[in-house]
Amino acid sequence: MTTLSDEALIERVARHDADAFTLLYRRYERPIFAVLLRLGGQRSLAEEWLQEAFIRVWLAARSHDAARGRVKPWIYAIALNTARSDLARKRHRTLHVSLDGTGIDLPDAKGSEPSLSARLDDEKHAKALAGALVELPDYMREVVVLRCSRELSFAEIAEATGTPQGTLKSRFHRAMLTLRTRLGQGRGK
Amino acid sequence: MTHPSPLALLELHFGEAPAHERDALEAHVKQCAECATLARELRGLEHALAIGPDDAPPRDGLERVLAHVAAVRPVRTRRAEWLLAVVPSAAALAAGAWAIRAGGERLTALGLVPGAPLGPISPELLGLSLAAFGLVVVGALVTLALAPVLILESHGRS
């Protein structure tokens, strides 16, 4: 069953097949959790959203219409809506910045060992960047986090958010300019 | 120098640039410091947001979701429990009525019981009364059997 497509799995989930649901959950829990973690900034919040999102997937599986879109953007849309509605309620706007707790992946885990100064530069840069990301409007941060996760193309993000691709790319670029300005100001201080 | 649009550089970075534009864009980025800066910033941003080993989702996440989902389903389950109670009761009622009627007819046929054995009460009425009594008994037994389940379920929901 592990080779089944998302579409085949969601059909089974619609018939309350727990095994199919388990496979779908295992397929998406990690990337979706990472996105939620970066949107919410707190592990506990991301865990809560992940759980809520997959409960919604289970309950809404019957309403998924394969003709109107693929499963992957549909699941991301559910996760995003879960996060958005909760954020709107809580007005929670802190971003996950801890380097050792969660989130930012330092390069020592990937092959060659960088020098200490390079690592410190990376840490400083990552902290500054995370701080600047916090200040971005939600709609900008969303597209940056989603596209940088490398899980969704702009076309798929457009499907998940209901926003045209051109608008998403413009938002991404504006986010880059905003970050550049803010990080530049930070260096100047 | 004419620069490509920033959106084209975004597409190039994320591997979404049209195939016929890719080579020209890459060649431009190699020789243009301004566009190379944007490309470097994109790599830095992506690196900072990369999924790390500490981003693992909760280990018991699936169990928690399945537990919630099970709590959402009892509407169907309760319907099934009702069927569980009704079907044996109806079967007991039918079997009791049939047994009493057949038994009465047999006793009458053998001449062991005169025509109206119980005075004004007909065999059919007697059968129905006994069947109703049987239904009450079966219902009580089913209720007793299901009571612990229903109590535990309501306790779990509160």
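## Two helical chains in a predicted model

Chain A has 8 helices and 0 strands, and read along its sequence it follows the pattern α-α-α-α-α-α-α-α. The structure is a predicted model, and for chain A the mean pLDDT is 81, with 80% of the residues reaching 70 or more. One stretch calls for caution: over residues 92-116 of chain A the pLDDT stays under 50, and the model has 52 contacts beyond four places in sequence for these residues.

Chain B contains 6 helices and 0 strands, with its elements running α-α-α-α-α-α from the N terminus on. The table sets out some values for each chain.

| Chain | Residues | Buried share | Contacts with a separation of at least 6 that join residues at least 24 apart |
|---|---|---|---|
| Chain A | 189 residues | 40% | 63% |
| Chain B | 158 residues | 12% | 66% |

### The nonpolar core

The largest nonpolar core holds 68 residues, and those with the most contacts inside it are L24(A), I32(A), L36(A) and A79(A). Helix α2 of chain A, residues 18-40, gives the most to this core, with 13 residues. Leaving aside residues up to four places away in sequence, I32(A) touches L50(A), A53(A), Y76(A) and A79(A). As a general background, nonpolar side chains in soluble globular proteins tend to be buried together.

### Helices of chain A

Helix α1 of chain A, residues 6-14, has L9(A), I10(A) and V13(A) as its buried residues. Seen down the axis of α1(A), these buried residues fall within an arc of 95°, and so they line one face of the helix. The buried residues of α1(A) pack against three other helices of chain A, namely α2, α3 (43-60) and α4 (71-90). Just after α1(A) comes H16(A), which takes a positive phi of about 60°.

Why is helix α6 of chain A, residues 138-148, described as largely enclosed by the rest of the structure? The reason is that 8 of the 11 residues of α6(A) are buried. The buried residues in α6(A) are M140(A), E142(A), V143(A), V144(A), V145(A), L146(A), R147(A) and C148(A). After α6(A) follows R150(A), whose phi is positive, near 65°.

Further along chain A, S170(A) is found in helix α8, which covers residues 165-188. S170(A) has 16 C-beta neighbours inside 10 Å and therefore counts as partly exposed, because a residue is called buried at 20 or more such neighbours and exposed at 12 or fewer. The C-alpha atoms of S170(A) and V143(A) are separated by 10.0 Å, although the two residues lie 27 residues apart along the chain.

### Where the chains meet

The contact between the chains takes 39 residues from chain A and 27 residues from chain B. On the side of chain B that touches chain A, α1 (6-13), α3 (33-48) and α4 (61-72) of chain B each supply at least two residues. The largest share of that side, 8 residues, comes from α4(B). Sorted by class, the side of chain B that touches chain A has 17 nonpolar, 4 polar and 6 charged residues.

Key:
Residues are numbered from 1 along each chain as its sequence is written. Chains are lettered from A and ligands numbered from 1 in the order in which they are written. Two residues are in contact if their C-beta atoms, placed from the backbone, lie within 7 Å. Helices (H or I, at least four residues) and strands (E, at least two) are DSSP runs, numbered from the N terminus. Ala, Val, Leu, Ile, Met, Phe, Trp, Tyr, Cys and Pro count as nonpolar, Asp, Glu, Lys and Arg as charged, and the others, Gly among them, as polar. A nonpolar core is a set of buried Ala, Val, Leu, Ile, Met, Phe, Trp, Tyr and Cys residues joined through C-beta atoms within 7 Å. pLDDT is the predictor's confidence in each residue, from 0 to 100. The arc is that of the directions from the helix axis to the C-beta atoms.
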